[in-house]
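Here are my notes on this one, jotted down as I went through it. Have the viewer open while you read.

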Amino acid sequence: MSEARIVWRRTQLNRRTVAMLVAAEKLYQSQFKFIQGSYNKGGVQASAGTHDGGGAVDIDVVKQSPAQRRAIVLALRKVGFAAWLRTPAQGRWPYHVHAIAIGDQDLSRGAAIQVTEYRRKRNGLANRGKDDGPPGFYGITWELYQKAHPAPVPVAVPDSSISLGAMAYARTHDAMTGAWGADRARVVAWAAHPRVAAISKAETLPPAGVPWHLHFQRVLRKVQLKFQLPVTGIFNEGIAAVMKRYGYKITA
Ligand SMILES: [Zn+2]
């Protein structure tokens, strides 16, 4: 099986690698700047074939401080990359972070060898030196990371319809699966949209210990406050009418 290739932010990658990078950027709390992605056979000679297949990415850290460089390597390692800071002292390249997605189906031979080296706590270079990055994540993969950090909100499908039946169910249930979960995620994302701003970005997830159905009622109350509707915490005709104005289709 091979990975689904995708060009993301002008960089050739695959979907699994992109999902990993999104998670790592979230940990780092800032965007990465990519120099080189994957499937780049013959692209950069100094890369020695490690970017020929999938799962490989280089991040520009020329302008970052030593602490920021460490934080980028750490974030990448936490989500399942074999990642190292590469310095001009090590080769003919500028400061960058070289990362290989562990477990990627499309790894080139060179990249697969680097993963093995990473797990042996080595630096992945020809000199087979000791790993010089933050230890403690050698056994992590993207799949393990996801298991430990389940996404509370499923990725919203490109659909703009909200079901009243699903909303009634979402009011009393916590699972984020099924139509109620997807519709609830859409309502919450809409409420947090800068043009609506009924809730803050932080409020798109329940605070620790608060069940989803209670959090959702609170979001609905905030929406009702914002649009000067009677505050009931129930997804009713009032909210439905507002969302219709924003282009949503409300169904039974
Ligand atoms: Zn690289």
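1. Starting at the N-terminal end: β1 (residues 5-8) and β2 (residues 11-14) are an antiparallel pair held by four bridges. R5 sits opposite N14 of β2. The two strands make a hairpin with two residues between them, and R9 in that turn has a positive phi of about 45 degrees. Keep in mind that this is a predicted model, so please read the angles and contacts below as properties of the prediction.

2. On the overall layout, the protein chain splits into domain 1 (5-148) and domain 2 (161-251). Taken over C-alpha atoms, the centres of domain 1 and domain 2 are 38 Å apart.

3. Next, the open sheet. Four strands make it up, in the order β3-β4-β6-β5, and the pairing is antiparallel. Its edges are β3 (34-36) and β5 (81-86), each of which pairs on one side only. On average, neighbouring strands of this sheet are turned by 30 degrees against each other, ignoring direction.

4. A closer look at one edge of that sheet: β5 is joined to β6 (residues 96-101) by six bridges, and the two strands run antiparallel. If you want one pair to click on, take R86, whose bridge partner in β6 is H96.

5. What lies across the sheet? Two helices do, and they cover a shared set of strands. Helix α1 (residues 15-28) lies across β4 (56-60), β5 and β6, and runs at about 125 degrees to β6. Helix α2 (residues 66-78) also lies across β4, β5 and β6, running at about 165 degrees to β5.

6. Those two helices also pack on each other. The angle between α1 and α2 is about 135 degrees, and their axes are 8 Å apart. Angles over 145 degrees would count as roughly antiparallel, so α1 and α2 come out as oblique to each other. The crossing of α1 past α2 is right-handed. On the α1 side the contact is made by A24, L27 and Y28, and on the α2 side by A71, I72, A75, L76 and K78. By residue class, the contact of α1 with α2 has seven nonpolar, no polar and one charged.

7. There is another helix pair to check: α6 (residues 178-192) and α7 (residues 212-226). Their packing angle is about 40 degrees, with the axes 11 Å apart. Roughly parallel would need an angle under 35 degrees, so α6 and α7 are oblique to each other. Their crossing is left-handed.

8. Which residues of α6 and α7 meet? From α6 they are R184, V188 and A191, and from α7 they are F216, V219, K222 and V223. The contact of α6 with α7 divides into five nonpolar residues, no polar ones and two charged ones.

Terms used: Residues numbered from 1 in each chain as written. Predicted model: local features only at pLDDT ≥ 70, side-chain atom pairs only at ≥ 80, totals over all residues. Pairing = 2+ DSSP bridges. Axes fitted to C-alpha atoms, helices over the stretch in contact; angles between N-to-C directions. Contact = placed C-beta atoms within 7 Å. Parallel < 35°, antiparallel > 145°, perpendicular 65-115°, else oblique. Left-handed = near helix turned anticlockwise from the far one by under 90°. Nonpolar A, V, L, I, M, F, W, Y, C, P; charged D, E, K, R; others polar. Domains from an automatic or database assignment.
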